[in-house]
Amino acid sequence: MTKKIYISSDFTSNLWMFNLDSQNIKKIKKQFPQVEIEMINVDDDKLILNSETTIYWGTRINKNILKNLPNLKWIHFGSVGTDKINLKDTSYRQITVTNSKNINTYSIKNLILMYLFDINKKLLINKKPFISRAEYEKKFKLSQNIEKSKILICGYGNISKLLIKDLKNLKLNYDILSNQNLKSNKLKFHKYKSLNKIIEKYDIVINNLPLNSQTHEIFNNNTFSKLKKNVSIISIGRTETFHFSSLKNFYKGNLNATLYIDLAEKHLTSGKLSGINKLINVYVTPHIGGYTNFYWEKEIQLFIKNLKLFTRNKRLINIVNPNKNK
């Protein structure tokens, strides 16, 4: 008797990075000749769901979708972050949650390095395809010598660990903000609660924080009041780790400070961050840190490996621990 698996996916966008096309679906089905796989597209607006769904695969699952899938056994995120759902809820329902860590780690790390080098060169922040030498010098006066800068890396996940290897080779000076219980003779760690006590020491802040109850708006008005007036912030972590009004007001009032941020476009058109990209000291990329030209090749490989394990009742790859905070 042929086994049937219902897989719901929200990879339905016209954007390449969020589009599970027919060719990739064929690759998956080809690997499971003894299993009848039915792919179900989840429409954000109409919220078309199939209650028989066993597996949810995508990036946009939320509490509302979750409660309408009574037969769900496995959620696979096509990204690293899993904060759109409460992992304690899935644990209670015995739903396995996996993510796609390490697929785009190098890509995100490289975006941070691009931002970091621009602190020294101030090319991106000019926002023009060509500028004169005289125009460039006006911005260059605000550049920082990163070799002499003190850097705070916020978060100690895989991206930060990879980044640290490069910073070490570059002989840069950095400390780490993390709530993990870590000790090292070579690295200096600070807990989240100490952020507002130490933040004034740093010239560059790199935000790689995940979003959870401890990090939500951890960069608040008190934090911004203690930052150096010419600080450079690089943020590829969750935007909600900032208090939005405080972030925007800081960069409005401190034109010698610089912000590099990988930001979802919705934040630029509505809400308290609307128009932040128009500030002369802010450089925004459209939430493309994870873009890498081998994303789908690696993502399909990971999903197929995990689906094979799932059909055999084996432990899956990249299981997310509901109690783990970084």
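Let us start at Lys150, which counts as partly exposed at 21% relative accessibility; here buried means under 20% relative accessible area, exposed means over 50%, and partly exposed lies in between (1.4 Å probe, protein chains only). The model you are looking at is predicted, so local features need pLDDT of at least 70 and side-chain atom pairs count only at pLDDT 80 or more, while totals for chains, interfaces and linings use all residues. Residues are numbered from 1 along each chain as its sequence is written, and side-chain values use heavy atoms, with hydrogens and water left out.

Lys150 has a partner in Asp175: the two form a salt bridge whose closest N and O atoms are 3.4 Å apart. A salt bridge here is a side-chain nitrogen of Lys or Arg within 4 Å of a carboxyl oxygen of Asp or Glu. Asp175 sits in strand β7 (residues 173–177) and Lys150 in strand β6 (residues 150–154), so this pair ties together parts that are 25 residues apart in sequence. Strands (E, at least two residues) and helices (H or I, at least four) are DSSP runs, numbered from the N terminus. Asp175 itself is buried, at a relative accessible area of 5%.

Salt bridges with shared partners also join Lys4, Glu36 and Glu38 into one network. Now follow that network from Lys4. One salt bridge runs from Lys4 to Glu36, with 3.5 Å between the closest N and O atoms. Because Lys4 belongs to strand β1 (residues 3–9) and Glu36 to strand β2 (residues 35–41), the pair ties together parts that are 32 residues apart in sequence. Glu38 also forms a salt bridge with Lys4, and there the closest N and O atoms are 3.2 Å apart. This second pair links distant parts of the chain too, with Glu38 in strand β2 and Lys4 in strand β1, 34 residues apart. Each member of the network is partly exposed: Lys4 has a relative accessible area of 33%, Glu36 has 41%, and Glu38 has 29%. In total, the structure holds 8 salt bridges.

Finally, turn to Lys193, which is found in the loop between β8 (189–190) and α7 (195–198). Lys193 is exposed, with a relative accessible area of 77%. Together with Lys191, Lys197 and Lys226, Lys193 makes up a patch of positive charge on the surface.

Conventions
Patch = residues over 30% accessible without salt bridge, like charges linked within 9 Å, V, L, I, M, F, W, Y side chains within 5 Å. Areas by Shrake-Rupley, 256 points an atom, 1.4 Å probe, with all protein chains shown as cover. Lys, Arg positive; Asp, Glu negative; His and termini not counted. Charge placed at Lys NZ, Arg CZ, Asp CG, Glu CD.
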